[in-house]
Amino acid sequence: MSEQPARKVAVVAIGGNSLIKDARHQSVEDQYEAAKETTRHIAEMIEAGWEVAIGHGNGPQVGFILRRSEIAAKVEGMHEVPLDVCGADSQGAIGYALQQTLQNWLFQRGIHKNVATIVTQVLVDRDDPAFGCPSKPIGGFMDEEDAKRREATMGWSVVEDAGRGWRRVVASPMPKEVVELDTVTALIEAGVVVVSVGGGGIPVIDRGAGEYVGIAAVIDKDYASSLLAQSIKADLFLISTGVEKVAINFGKPDQQWLDRITVSEARRYLAEGTHFAKGSMAPKIEAILWYLEAGG
């Protein structure tokens with residue numbers, strides 16, 4: 001009997017911003033069309049023989065959900081939606097767009113594969129140092145009076161944002177464990193394309209004896225996707241971006257695209273502190289290094 005070729009498994013992380021091309025294309029329909037373009041490339045990977053798990057960002061989308069919640073509370077007195085539930089909402093909505101568009105591309109290619117979205121929790125450490133210095137702005141702007149009231153009555157951390165008003169800030173802890181990992185793994189082994197760890201996953205802490213509870217925090221989607229890639233022993237970890245390649249001296253006259261670099265070179269560029277922006281490219285490089293140094 002001939003041996004079956006080993007399956008190749010890839011984790012593909014796409015950004016929440018990649019679903020919003022510009023300020024004029026932010027509607028649900030616009031995001032669906034952007035998802036359609038992204039999943040066309042993933043369909044090509046699947047056609048080439050890859051098994052794929054998809055991670056995605058959700059920063060803009062959670063911002064929209066929070067803003068709708070804030071407006072509804074002010075205008076109609078409705079309850080506001082907690083941040084962890086906003087994350088779950090966005091996982092479902094973005095997952096729907098990704099799984100439907102990808103399923104359509106696969107059908108057109110005659111590829112009989114199912115696509116499923118898993119509402120995914122990700123465990124974080126309640127003692128993570130990030131909780132001591134929350135820095136991730138979320139939601140809309142407030143005046144100082146409203147901000148201080150929420151700080152006193154709701155336990156929010158708030159900061160003044162460059163003269164534009166006050167905003168809530170939350171922690172961005174490191175992911176420790178994908179709670180639904182067994183389910184994700186079983187689906188991949190069954191040949192299902194899985195959308196998972198959306199927005200970095202819904203942050204949860206363990207109260208003890210495995211009792212999980214959601215917490216107001218934001219997990220970087222690149223770190224969460226890296227953790228997923230490590231956990232399922234993926235052969236490839238790919239982060240799609242809005243630029244052609246990684247570069248040093250980006251946007252400067254001496255800009256240099258990096259087609260291929262070693263781990264040590266990446267560490268050196270990171271240490272220099274001038275090449276990769278903290279809020280954009282640096283987390284991607286760090287997430288990839290984490291994956292590689294864990295055996296990926």
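## A buried salt bridge between neighbours

Lys221 and Asp222 are both buried. Their side chains meet in a salt bridge, with a nitrogen-to-oxygen distance of 2.7 Å. This contact, like every other feature described here, is taken from a predicted model.

## Other salt bridges

The structure holds 17 salt bridges in total. One of them joins Glu51 to Lys113, with the closest N and O atoms 2.8 Å apart. This pair links distant parts of the chain, since Glu51 belongs to strand β2 (residues 50–56) and Lys113 to the loop between α3 (83–108) and β3 (115–117). The two residues are 62 residues apart. Both Glu51 and Lys113 are buried.

A further salt bridge is formed by the side chains of Lys245 and Asp259, at 2.6 Å from N to O. Lys245 is located in the loop between β12 and β13 (246–248), and Asp259 in the loop between β14 (256–258) and α7 (263–272), so this salt bridge ties together parts of the chain that lie 14 residues apart in sequence. Lys245 is partly exposed, at 30% relative accessibility. Asp259 has a relative accessible area of 63% and is therefore exposed, because the exposed class begins over 50%. In addition, Glu37, Arg40, Glu44, Glu47 and Arg109 are joined into one network by salt bridges that share partners.

## The largest nonpolar core

The largest nonpolar core comprises 26 residues. Within this core, the residues with the most contacts are Val11, Ile188, Leu228, Ile232 and Phe237. Two or more residues are contributed by each of the strands β1 (8–14), β4 (121–124) and β12 (236–239), and by each of the helices α5 (181–189), α6 (221–231) and α8 (281–293). Helix α6 provides the largest share, with 5 residues.

## A patch of negative charge

On the surface, Asp143, Glu144, Glu145 and Glu160 gather in a patch of negative charge. Glu160 is part of strand β6 (residues 157–160). The relative accessible area of Glu160 is 42%, which makes this residue partly exposed.

Val158 is also placed in strand β6. Unlike the partly exposed Glu160, Val158 counts as buried, at 11% relative accessibility. The C-alpha atoms of Val158 and Pro82 are separated by 16 Å, and the two residues are 76 residues apart along the chain.

## Positive phi angles in two loops

Most residues other than glycine have a negative phi. Ala209 departs from this pattern, with a positive phi of about 60° although it is not a glycine. Ala209 is found in the loop between β10 (202–206) and β11 (212–214). At 89% relative accessibility, Ala209 is exposed.

Asn249 likewise has a positive phi, near 55°. Asn249 is placed in the loop between β13 and β14. In contrast to the exposed Ala209, Asn249 is buried, with a relative accessible area of 16%. The assignment follows because residues under 20% relative accessible area are classed as buried.

## Residues in strands β2 and β8

Val52 is located in strand β2, the strand that also holds Glu51. The relative accessible area of Val52 is 0%, and this residue is therefore buried. The C-alpha atoms of Val52 and Ile42 are separated by 8.0 Å, with the two residues 10 residues apart along the chain.

Lys176 lies in strand β8 (residues 175–178). With a relative accessible area of 54%, Lys176 is exposed. Lys176 and Ala224 are 48 residues apart along the chain, and their C-alpha atoms are separated by 8.6 Å.

Methods. Residues are numbered from 1 along each chain as its sequence is written. This is a predicted model: local features need pLDDT of at least 70, side-chain atom pairs count only at pLDDT 80 or more; totals for chains, interfaces and linings use all residues. Side-chain values use heavy atoms; hydrogens and water are left out. Patches are made of residues with over 30% relative accessible area and no salt bridge: like charges are joined within 9 Å, nonpolar side chains (Val, Leu, Ile, Met, Phe, Trp, Tyr) within 5 Å. Accessible areas come from the Shrake-Rupley method with a 1.4 Å probe; for residues, only the protein chains shown count as cover. A salt bridge is a side-chain nitrogen of Lys or Arg within 4 Å of a carboxyl oxygen of Asp or Glu. Lys and Arg count as positive and Asp and Glu as negative; His and the chain ends are not counted. The place of a charge is taken as NZ of Lys, CZ of Arg, CG of Asp or CD of Glu. Helices (H or I, at least four residues) and strands (E, at least two) are DSSP runs, numbered from the N terminus. Buried means under 20% relative accessible area, exposed over 50%, partly exposed in between (1.4 Å probe, protein chains only). A nonpolar core is a set of buried Ala, Val, Leu, Ile, Met, Phe, Trp, Tyr and Cys residues joined through side-chain atoms within 4.5 Å.
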